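Me: I'd like a close look at one part of this model, the place where protein and DNA meet. Could you walk me through it in one go?

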Protein chains: 2
Amino acid sequence: MPARKGNPGDPTTRNALLDAAQHVMCTEGYAAATTRRVASEAGVNSALVSYYFGSLDGMFIALFRRGAERSFERLGQALGSPQPLWGFWDLIHDRSNSTSTMEFIALANHREVIRDEIADYSRRFRRAQLDSLTQVLQRYGVDPDELPASVVILGLSSLSRFMLIEEAFGVDVGHKETEAKVEDFIRRLEGERCPSPT
Amino acid sequence: MPARKGNPGDPTTRNALLDAAQHVMCTEGYAAATTRRVASEAGVNSALVSYYFGSLDGMFIALFRRGAERSFERLGQALGSPQPLWGFWDLIHDRSNSTSTMEFIALANHREVIRDEIADYSRRFRRAQLDSLTQVLQRYGVDPDELPASVVILGLSSLSRFMLIEEAFGVDVGHKETEAKVEDFIRRLEGERCPSPT
DNA sequence: GTCTATAGCTGGATAGAC
DNA sequence: GTCTATCCAGCTATAGAC
């Protein structure tokens, strides 16, 4: 189950390295996440990246997995809440995940191990979404021929990611209207958004 | 109007360099598009990258602009055709542009000049889409309060890009159904897709 | 225009001291 | 566990020959 090789070591330092890697990656792009840069951001020596993760690839995979596990947990919570559609929309519409996802996609373009990792995770994630939202929509009386759960999932996910990317560039033409339409749609099925009691 | 600096030089070599850059970028990621790698792919010496574009950034900008100009032309053709919605959908659903767009977005994350370039272009592109599709939808009798042109544009663009990215990873759960729904939507407004006479 | 050569960096990974 | 020191590879950009 380890990313590749590397030592168990001190989880504090290990996490500090992953935190640093995430930060550098999101603010300056994956190419800036070098061993030296990440280690210096974490306040430790660059040799520790090899020690903990075996290689840079190992570090990226460990980072991706950590994020994926967190996302998967949050997906479960969102879909199990009293307002699964609102929960889902809020989850994928979370800005903090978007940048890092984009970087991993670009990274995957030329690192095979990363690509495989993301593909696996995406399928698992999508399956969970489909299983859950199929039941939810049925409960709401939505005709699955008229509007399949897969279309709802892909529609919400893609709109959310697209707008987040554009906003990162300072482009937001038409976003207000589109967001309003999405929220109208959810509201019709699930009622007004209630603040989560957590 | 030049990207930055650089010499006019031989347009054949210049284009060969841009072609090579595009190829390397799409197949191995932007980080692989180094002066040496690109020049060697183009069959010339790496010093020519500096000669033609002044710097690597200059090369990326020149490459982006070349692609943007082509896309802008094609957008005009698509939106001016007898079936603007089909034309638009086919244009954005073109696989060959998707990879390169993704790389530029990632690149922009840590190269300011690239980010500015993309932001400018995106706004211009969106404006043209909005101006044109607003009229088209009106002609089709679509109520702009019910379904604003901006929502149609963002919806189609985001779905298309999202699915193309996923397919690049070998993930296509739910794509068939979603594509079918999109095409139903266009068909209702614009009729069966007619093969372009060109 | 296109080349060779090179200066000056920065990178990943590892050996070995502590 | 964490460090220093180091090897070697690869990069950008430029000077100058042809």
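Me: To start with, which base atom of DNA strand D is 3.2 Å from an N or O atom in the side chain of B:Arg36?

Reply: Keep in mind that this is a predicted model. The atom you're after is a base oxygen: that's what sits 3.2 Å from a side-chain N or O of B:Arg36 on DNA strand D.

Now for the surroundings. DNA strand D has 16 residues around it, and the closest are A:Thr13, A:Asn45, A:Tyr52, B:Thr35 and B:Arg36. Of the strand D atoms that come within 4 Å of the protein, 57% belong to sugar and phosphate. A:Tyr52 is a case in point: an N or O atom of its side chain lies 2.7 Å from a phosphate oxygen of strand D. B:Thr34 also goes to a phosphate oxygen of that strand, with a side-chain N or O atom at 3.3 Å.

As for which elements build this surface, at least two residues each come from H3 of chain A and from helix H2 (35–42) and H3 of chain B. H3(A) gives the most, with 4 residues. By residue type, the surface near strand D splits into 7 nonpolar, 7 polar and 2 charged.

Let's turn to DNA strand C. Here, too, 16 residues surround the strand, and A:Thr35, A:Arg36, A:Leu56, B:Asn45 and B:Tyr52 are the closest. Sugar and phosphate make up 59% of the strand C atoms within 4 Å of the protein. On the base side, A:Arg36 puts a polar side-chain atom 2.8 Å from a base nitrogen of strand C. On the backbone side, there are phosphate oxygens of strand C at 2.7 Å from a side-chain N or O of B:Tyr52 and at 2.9 Å from one of B:Thr13. The elements giving two or more residues to this surface are helix H2 (35–42) and helix H3 (47–53) of chain A, plus helix H3 (47–53) of chain B. H3(B) gives the most to the surface near strand C, with 4 residues. The residues there divide into 7 nonpolar, 7 polar and 2 charged.

So, back to your arginine: B:Arg36 is among the closest residues to strand D, and its side chain has an N or O atom 3.2 Å from a base oxygen there. Over on strand C, A:Arg36 is one of the closest residues, and the base atom lying 2.8 Å from its polar side-chain atom is a nitrogen.

Terms used: Residues numbered from 1 in each chain as written. Chains lettered and ligands numbered in written order. Predicted model: local features only at pLDDT ≥ 70, side-chain atom pairs only at ≥ 80, totals over all residues. Heavy atoms only, no water. Near = heavy atom within 4 Å. Polar contact = N/O pair within 3.5 Å; in protein donor to acceptor, adjacent residues only side chain to side chain. Nonpolar A, V, L, I, M, F, W, Y, C, P; charged D, E, K, R; others polar.
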